[in-house]
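Colleague: I'd like a close look at one small part of this model. Please start there, then work outward to the rest of the chain.

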Amino acid sequence: MLKNNATGNQQRGGRGWLLALALGLLACMVMGLVLVWSNIERMDTTYFINIAQNELRERRALRAKLEVERERLLSPYELRRRAEEFGMREPKPGQVRRMEIH
């Protein structure tokens, strides 16, 4: 009878060991999948950050070019040249009157 109980305990212990092993393997697989998924997400995030940084650099460069062009177009020399190009002349004395708006 004592021998029978010992054999039963060994069988249950053997099943417990297999269950623990199966759960351990399952946990390792889940952790591996989580690691792979997190690396994929990190690469995606890095890719989109790089795209955004490149776009920001391009916009800053374009803004700088536009600012230079704006300053050039608003310069008195450019305004005078364009006015002459369109046939405009400076007003003669008396052509311009000051108006007061109340």
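Colleague: Within helix H2, about how many helical turns separate Glu85 and Arg81?

Modeller: About one: Glu85 and Arg81 are separated by roughly a single helical turn because they sit four residues apart in helix H2. Before I go on, keep in mind that this is a predicted model, where local features need pLDDT of at least 70 and side-chain atom pairs pLDDT 80 or more, while totals for chains, interfaces and linings use all residues. Numbering runs from 1 along each chain as its sequence is written, and side-chain values use heavy atoms, without hydrogens or water.

Back to your pair. The side chains of Glu85 and Arg81 meet in a salt bridge, with 2.8 Å from N to O (that is, a Lys or Arg side-chain nitrogen within 4 Å of an Asp or Glu carboxyl oxygen). The two partners differ in how much surface they show. Glu85 counts as exposed, at 53% relative accessibility, whereas Arg81 is partly exposed at 39%. (Buried is under 20% relative accessible area, exposed over 50%, partly exposed in between, with a 1.4 Å probe and protein chains only.)

This bridge isn't on its own, either. Glu85 and Arg81 belong to a network of salt bridges that also links Glu69, Arg72, Glu78 and Arg82. Follow that network to Arg72 and Glu78, and you find their side chains joined in a salt bridge at 3.5 Å, N to O. Is Glu78 buried or exposed? Glu78 counts as buried, since its relative accessibility is just 9%. Its partner Arg72 is partly exposed, at 38%. Keep Glu78 in mind, because we'll meet the chain-wide figure for burial in a moment.

Next, look at Arg80, which makes a salt bridge with Glu90 through their side chains, at 3.2 Å from N to O. What does this pair tie together? Arg80 is in helix H2 (76-85) and Glu90 is in the segment after that helix, so the contact ties together parts that are ten residues apart in sequence. On the surface side, Glu90 is exposed, with 62% relative accessibility, and Arg80 is partly exposed, with 49%. Across the whole structure, a search turns up nine salt bridges, including the ones we've just walked through.

Now zoom out. The chain has two helices and zero strands (DSSP runs: helices are H or I, at least four residues; strands are E, at least two). Helix H1 covers residues 2-73, and Val30 lies in it. An unreviewed UniProt entry lists residues 16-37 as "transmembrane region"; such annotations may be inferred rather than shown by experiment. In the model, that span is 100% helix and 0% strand, with its end C-alpha atoms 31 Å apart.

And how much of the chain is buried? Of its 102 residues, 1% count as buried. As for Glu78, remember that it falls in the buried class at 9%. The exposed surface of the chain comes to about 10,500 Å², and carbon and sulfur atoms supply 63% of that. (Areas come from the Shrake-Rupley method, 1.4 Å probe.)
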